[in-house]
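Here is a short report for someone meeting this structure for the first time. Look at the sequence and the model, then read on.

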Amino acid sequence: WSQAIGQMNDQLSPYLTSLSKAGSEVLNAFGVSSEQDVYSVVVAGTIIAATIYVFMKKTKKKAIPNVMEYLSEEADLTVFHKFWTSLSPSGSWDKPDLTRRSNTPFVVFAPVNDAFEAERSTMLALGNDAWRKLLIGHVVESELPAEEIVKLSDIVTHTRQRHSLDCLRSVCTDGSIKTRRAEVCSNGIVFKIPCLLKDK
């Protein structure tokens, strides 16, 4: 707050003197006659302007991140993000560029950190091609909205594998079905999932 007021005062200081002189007649019309009154009006105006400045800055709409930016910002997706960025662009399976915007949005099923820890022994046994296929197999390009994807029993991924989507649903104690929420990005959506995708 104090910093914002200071910035506004610095910007307005060159004009304070001329304002008090040129606007004296206008101020007198409102019953402001003394220099002290003029100064008070200027200070009050500065505070109001600073308040508006801070409010607009705080309420400014945050840009929607792309999928890659979202992955990099989420603390529980750091492992998936690290593994993904370590993949070379070309290889046995083409790596989708999750920073770009395409005609068909990306759908990323991003395992949380604990999911990789639980599958450590399985991952260590994989060769380079199988490891690459595993990671890229968590990406789909689809125009289906999130509310339709969570209803699917399986889906064909970028690696042309058919994976089960049971991880998107869980049964509550009362028998109702709870579905996972998708995070909307500028070029697709991301589902945080508790496990690695498995073949159907």
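## The open sheet

Four strands form an open sheet in the order S2-S1-S8-S7, and their pairing is mixed. Strand S2 (139–141) and strand S7 (182–185) are the edge strands. Each has a single partner strand, so one side of each has no neighbour in the sheet. From one strand to the next, the twist averages 20 degrees. Note that the model is predicted.

The pairing can be followed strand by strand. S1 and strand S8 (residues 188–193) are parallel, and 6 bridges pair them. Phe109 stands opposite Phe191, which is in S8. S7 and S8 run antiparallel, joined by 4 bridges. These two strands make a hairpin, with 2 residues between them. Glu183 has Val190 in S8 as its bridge partner.

## The chain as a whole

The protein chain has 9 helices and 8 strands. Of its 200 residues, 34% are buried. Take the contacts in the chain with a separation of 6 or more: residues 24 or more positions apart account for 68% of them. The chain exposes about 12600 Å². Carbon and sulfur atoms supply 55% of that area.

## Two nonpolar cores

The largest nonpolar core holds 25 residues. Which of them touch the most other members? They are Val67, Leu71, Phe80, Trp84, Leu98, Val108 and Val190. Several elements each supply at least two residues of this core: helix H4 (67–73), helix H5 (78–86), strand S1 (106–111), helix H6 (113–118) and helix H8 (128–136). Apart from this core lies another, of 14 residues. Among its members are Phe109, Ile149, Cys167 and Leu197.

Leu71 gives a closer view of the packing. Leaving out residues up to four places away in sequence, Leu71 touches Leu77, Phe80, His81, Leu98, Ala110 and Val190. Val190 thus appears twice here: it touches Leu71, and it is the bridge partner of Glu183.

Helix H8 is worth tracing too. Its buried residues are Trp131, Arg132, Leu134, Leu135 and Ile136. The buried residues of H8 pack against H5, H6, helix H7 (120–124) and S2. S2 is also one of the edge strands of the sheet.

## Cysteines and an exposed arginine

How many disulfides are there? The count comes to 0. Cys195 shows the reasoning. A disulfide needs two cysteine sulfur atoms within 2.5 Å. The closest cysteine sulfur to that of Cys195 is in Cys167, 4.6 Å away, so the two are too far apart for a bond. Cys167 is one of the residues of the 14-residue core.

Arg160 sits in the loop between strand S3 (154–156) and strand S4 (162–164). Although Arg160 is not a glycine, its phi is positive, at about 65 degrees.

Is each of these residues buried, partly exposed or exposed? The table sets out Cys185, Cys195 and Arg160.

| Residue | State | Relative accessible area |
|---|---|---|
| Cys185 | buried | 6% |
| Cys195 | partly exposed | 30% |
| Arg160 | exposed | 67% |

The cut-offs explain these states: buried means under 20% relative accessible area, and exposed means over 50%. Cys185, at 6%, is therefore buried. Cys195, at 30%, lies in between and so is partly exposed. Arg160, at 67%, counts as exposed.

Technical notes:
Residues numbered from 1 in each chain as written. Predicted model: local features only at pLDDT ≥ 70, side-chain atom pairs only at ≥ 80, totals over all residues. Heavy atoms only, no water. Buried < 20%, exposed > 50% of the residue type's maximum accessible area, 1.4 Å probe, protein only. Core = buried A, V, L, I, M, F, W, Y, C linked by side-chain atoms within 4.5 Å. Contact = heavy atoms within 4.5 Å. Pairing = 2+ DSSP bridges. Axes fitted to C-alpha atoms, helices over the stretch in contact; angles between N-to-C directions. Areas by Shrake-Rupley, 256 points an atom, 1.4 Å probe, with all protein chains shown as cover.
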